[in-house]
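Work through the exercises below with the sequence and the model open side by side. Each task is followed by a solution in steps.

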Amino acid sequence: MSAPTGQRVLVTGAASGLGEALADAFEARGDLVLRTDMSPGVELHLDITKDEDWAAALAHVEETWGGLDVLVNNAGVAGGGRLDVATMDEWQWITEINLFGAVRGTRTFVPMFKRQGSGRIVNTASLAGLVHPAGMASYNASKAAVVALTETTGHELASYGVTAHVICPSYFKTNLMSSLQGADTALAAVMTKLVDNSQVSAADIAKAVLEGLDRGDEIIVPDQAARDAYGLKQGDRATYDLIMRDQAAKLDRGAR
């Protein structure tokens, strides 16, 4: 485990899955962690789509700690669907949570980080933010936007001593599929199978994330499957495209 830092850390979506694993990992090395979620069993209720909940989180941090060292915008949902199957309501739902949840969290704490002259913003995206398989346009777009948001944040806040980092894991065992919504049942079956068959745990991902943060990595690709897929796209685009288009054809055939 990484060396203790004694930092003050806020984690969204901390009741389960990767959020819980990240909170556990930070606490295990001696950090102070404020666990937030909409589910019971956390210190603070936080609906990341509600401005008033973010204002309450900011007030709690100011009153309890007087500042914050690490903001982890982790909460998110699963979704997707082929372009002619997914509805506009599905697009709006997933974007409101996956993208604007991170935007709201960032906007809430940036003034504090600027005053401090320090801080880290850590956003959970996905391999889908870097590699874009067919049938997942809304999810891919929301996570790619989180990658772009993170890079922009890092550039904009560098002069204030604030860094930004994005987490881009492949499929790992989690309860994320419980949030899955959408009319494209063929895609849902594929995604659920990939999660269920993964040999990587949320704790594995969390350990790699903390190691990446300690190295100062801005893009954290925490598992081998994700590194292989991203490496293929960067190093052999032609083969990557062939694989992605073959997967698209298989998804269509399976839906017929």
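The exercises move from the whole protein to one helix, and then to a cavity and a pocket, all in a predicted model.

**Exercise 1. Describe the overall make-up of the protein: how many helices and strands are there, and what share of the residues counts as buried?**

Step 1. Counting the secondary-structure elements gives 9 helices and 7 strands.

Step 2. Of the 256 residues, 48% are buried, with buried taken as under 20% relative accessible area.

Step 3. The exposed surface comes to about 11800 Å², and carbon and sulfur atoms supply 53% of that area.

Step 4. Turning to contacts with a separation of 6 or more, 71% of them are made by residues 24 or more positions apart.

**Exercise 2. Determine which residues of α3 are buried, and where they lie around the helix axis.**

Step 1. The buried residues in α3 are Glu90, Ile94, Ile97 and Asn98.

Step 2. Viewed down the axis of α3, these buried residues fall within an arc of 85 degrees, so they line one face of the helix.

Step 3. The general geometry helps in reading this pattern: an α-helix has 3.6 residues a turn, so residues three or four places apart point the same way.

Step 4. On the face of α3 turned away from the buried side, the exposed residues are Met88, Asp89 and Gln92.

Step 5. As for packing partners, the buried residues of α3 pack against α4 and α5.

**Exercise 3. Characterise the largest cavity: what is its volume, and which residues line it?**

Step 1. Applying the threshold of 30 Å³ or more leaves a count of 1 cavity, and the largest cavity holds about 50 Å³ of space.

Step 2. Its lining consists of Thr12, Ile48, Asn73, Asn74, Ala75, Ile97, Asn98, Gly101, Ala102, Thr124 and Lys143, and the elements that give two or more residues to this lining are α3 (88-98) and α4 (100-116).

Step 3. Sorted by class, the lining has 4 nonpolar, 6 polar and 1 charged residues.

Step 4. Ile97 and Asn98, found in the lining of the largest cavity, are also among the buried residues of α3.

**Exercise 4. Identify which element gives the largest share of the lining of the second largest pocket.**

Step 1. The second largest pocket has a volume of about 190 Å³, and its lining includes Val147, Thr150, Glu151, Val162, Glu218 and Ile219.

Step 2. Two or more lining residues come from each of α5 and β6 (162-167), and the largest share, 5 residues, belongs to α5.

Step 3. By class, this lining has 6 nonpolar, 4 polar and 2 charged residues.

Methods. Residues are numbered from 1 along each chain as its sequence is written. This is a predicted model: local features need pLDDT of at least 70, side-chain atom pairs count only at pLDDT 80 or more; totals for chains, interfaces and linings use all residues. Side-chain values use heavy atoms; hydrogens and water are left out. On a 1 Å grid over the protein atoms alone, a cavity is a set of points where a 1.4 Å probe fits but cannot get out, and a pocket is an open set with protein on both sides within 12 Å along at least five of seven lines; lining residues have an atom within 4 Å of a point. Grid points are joined across faces, edges and corners, and a volume is the space filled by probe spheres set on the points. Helices (H or I, at least four residues) and strands (E, at least two) are DSSP runs, numbered from the N terminus. Ala, Val, Leu, Ile, Met, Phe, Trp, Tyr, Cys and Pro count as nonpolar, Asp, Glu, Lys and Arg as charged, and the others, Gly among them, as polar. Buried means under 20% relative accessible area, exposed over 50%, partly exposed in between (1.4 Å probe, protein chains only). The arc is that of the directions from the helix axis to the C-beta atoms. Contact means heavy atoms within 4.5 Å. Accessible areas come from the Shrake-Rupley method with a 1.4 Å probe; for residues, only the protein chains shown count as cover.
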